[in-house]
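Hi,

Here is the structure you asked about. Please open it alongside this email, and my notes follow below.

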Amino acid sequence: QVQLVESGGGLVQAGGSLRLSCAASGRTFSRYAMGWFRQAPGKEHEFVAAISWSDINTYYTDYTDSVKGRFTISRDNARNTLYLQMNSLKPEDTGVYYCAADKDSGALYTTLAESGYDYWGQGTQVTVSS
């Protein structure tokens with residue numbers, strides 16, 4: 001069992017930056033593919049970014065088109081922590097951001113589908129004002 005706890009959300013003006021963190025419990029974080037999703041008010045979960053796991057210190061990443069060039073997903077296995085650096089934030093980035101872990105992914109594969117994830121955090125609110 002893995003527990004995920006997000007932090008780093010808040011209120012920021014358009015054009016600003018935030019860094020989200022996701023702290024994971026357990027000793028197998030380094031072998032989980034990880035992802036970030038978000039949910040805007042009245043909308044469904046939306047994929048934001050994903051990162052593979054790896055034994056060779058090279059990771060694959062994927063992003064939804066609307067955040068490419070603005071958001072960066074990364075991981076620190078020594079700290080059991082996943083990050084999402086968000087720059088040039090827009091009001092449409094507003095929502096609750098969730099991190100998720102896929103325990104069954106092969107190395108160097110990213111998981112894009114919500115159904116592929118096994119564990120979820122409680123979420124952290126990000127609000128971008130115009």
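**A buried threonine**

Thr111 counts as buried, because its relative accessibility is 9% and the cut-off for buried is under 20%. Please keep in mind that this is a predicted model.

Where does Thr111 lie? Look in the loop between E9 and strand E10 (119-120). What does its side chain contact? The side chain of Thr111 makes a polar contact with the side chain of Asp102, at 2.6 Å. Asp102 itself falls within strand E9, which covers residues 95-102.

**Strand E4 and its partners**

From there, go to E4. Strand E4 spans residues 33-39. Of its 7 residues, 6 are buried, so the rest of the structure largely encloses this strand.

E4 pairs on two counts:

- With strand E9, E4 runs antiparallel, and 7 bridges join them. Trp36 stands opposite Cys99 in E9.
- With E5, E4 also runs antiparallel, joined by 5 bridges. Here Phe37 stands opposite Phe47 in E5.

E4 and E5 form a hairpin with 6 residues between the strands. Check Gly42 in that hairpin: it takes a positive phi near 75°.

**The four-stranded sheet**

Next, an open sheet. It has 4 strands in the order E1-E3-E8-E7, and the pairing is antiparallel. Which strands stand at the edges? They are E1 (4-7) and E7 (71-76). Each has a single partner strand, so one side of each is left without a neighbour in the sheet. On average, neighbouring strands of this sheet are turned by 15° against each other, direction ignored.

Edge strand E7 is joined to strand E8 (residues 81-86) by 6 bridges. These two run antiparallel. To find the pairing on screen, start at Phe71, which stands opposite Met86 in E8.

**A nonpolar patch on the surface**

Last, turn to the surface. Which residues form the nonpolar patch there? Ile56, Tyr60 and Leu108 do, and together they have about 300 Å² of accessible area.

Tyr60 sits in the loop between strand E5 (46-51) and strand E6 (61-63). Is Tyr60 buried, exposed or partly exposed? Its relative accessible area is 47%, so Tyr60 counts as partly exposed; the partly exposed class covers what is neither under 20% nor over 50%.

Best wishes

Notes:
Residues numbered from 1 in each chain as written. Predicted model: local features only at pLDDT ≥ 70, side-chain atom pairs only at ≥ 80, totals over all residues. Heavy atoms only, no water. Pairing = 2+ DSSP bridges. Axes fitted to C-alpha atoms, helices over the stretch in contact; angles between N-to-C directions. Patch = residues over 30% accessible without salt bridge, like charges linked within 9 Å, V, L, I, M, F, W, Y side chains within 5 Å. Areas by Shrake-Rupley, 256 points an atom, 1.4 Å probe, with all protein chains shown as cover. Salt bridge = Lys/Arg side-chain N within 4 Å of Asp/Glu carboxyl O. Buried < 20%, exposed > 50% of the residue type's maximum accessible area, 1.4 Å probe, protein only. Polar contact = N/O pair within 3.5 Å; in protein donor to acceptor, adjacent residues only side chain to side chain.
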